Amino acid sequence: MADTRPTGPSPEALRAEIMRQVTIRGDDKSICPSEVARAYGEDWQRLMGQVRDAARALSREGRIDILRKGRPIEPEAVRGVIRLRLRPAAPDPETPD
């Protein structure tokens with residue numbers, strides 16, 4: 001009988017690793033999704049789809065931006081080369097400029 005247990009990090013672990021890396025990188029910088037996958041070892045390529053799925057979930061939650069050509073895109077529009085960054089905080093309407 002084949003082993004049907006999932007292998008690799010859980011979706012929650014991948015989301016946590018994305019948040020850890022974008023937080024460390026800072027508000028005005030971005031990371032490559034492969035940096036997240038590489039944090040889990042040499043066989044990182046197999047995790048890229050899962051990392052992208054985790055990034056989509058975080059984007060839908062409003063926690064990160066997914067960037068294509070330096071501009072935020074909708075999670076459903078993810079294709080090709082992307083980068084991830086911490087979503088900038090919305091300006092406080094009570095704070096004067």
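**Figure 1. Burial and surface of the chain in the predicted model.** Of the 97 residues in the chain, 35% count as buried. The accessible surface amounts to about 6700 Å², and carbon and sulfur atoms contribute 51% of this area.

**Figure 2. Secondary structure and contacts along the chain.** Three helices and three strands make up the secondary structure. Read from the N terminus, these elements follow the order α-α-α-β-β-β. Among contacts in the chain with a separation of 6 or more, 46% are formed by residues 24 or more positions apart.

**Figure 3. Close-up of Gln21 in helix α1.** Gln21 lies in helix α1, which spans residues 11-25. Its relative accessible area is 10%, and Gln21 is therefore classed as buried, the cut-off being under 20%. The side chain of Gln21 comes to 3.3 Å from the backbone oxygen of Glu35. When neighbours within four places in sequence are set aside, the residues in contact with Gln21 are Ile31, Glu35, Val36 and Ala39. Glu35 thus appears both in this list of contacts and as the residue whose backbone oxygen the Gln21 side chain reaches.

**Figure 4. Close-up of Lys69 in the loop between β1 and β2.** Lys69 is placed in the loop that joins β1 (64-68) and β2 (71-73). Lys69 counts as exposed because its relative accessibility is 78%, where exposed requires over 50%. Val81 is twelve residues from Lys69 in sequence, and the C-alpha atoms of Lys69 and Val81 are 8.1 Å apart in space.

Definitions and conventions:
Residues are numbered from 1 along each chain as its sequence is written. This is a predicted model: local features need pLDDT of at least 70, side-chain atom pairs count only at pLDDT 80 or more; totals for chains, interfaces and linings use all residues. Side-chain values use heavy atoms; hydrogens and water are left out. Helices (H or I, at least four residues) and strands (E, at least two) are DSSP runs, numbered from the N terminus. Buried means under 20% relative accessible area, exposed over 50%, partly exposed in between (1.4 Å probe, protein chains only). A polar contact is a pair of N or O atoms within 3.5 Å; within protein, one must be able to donate a hydrogen and the other to accept it, and residues adjacent in sequence count only if both atoms are side-chain atoms. Contact means heavy atoms within 4.5 Å. Accessible areas come from the Shrake-Rupley method with a 1.4 Å probe; for residues, only the protein chains shown count as cover.
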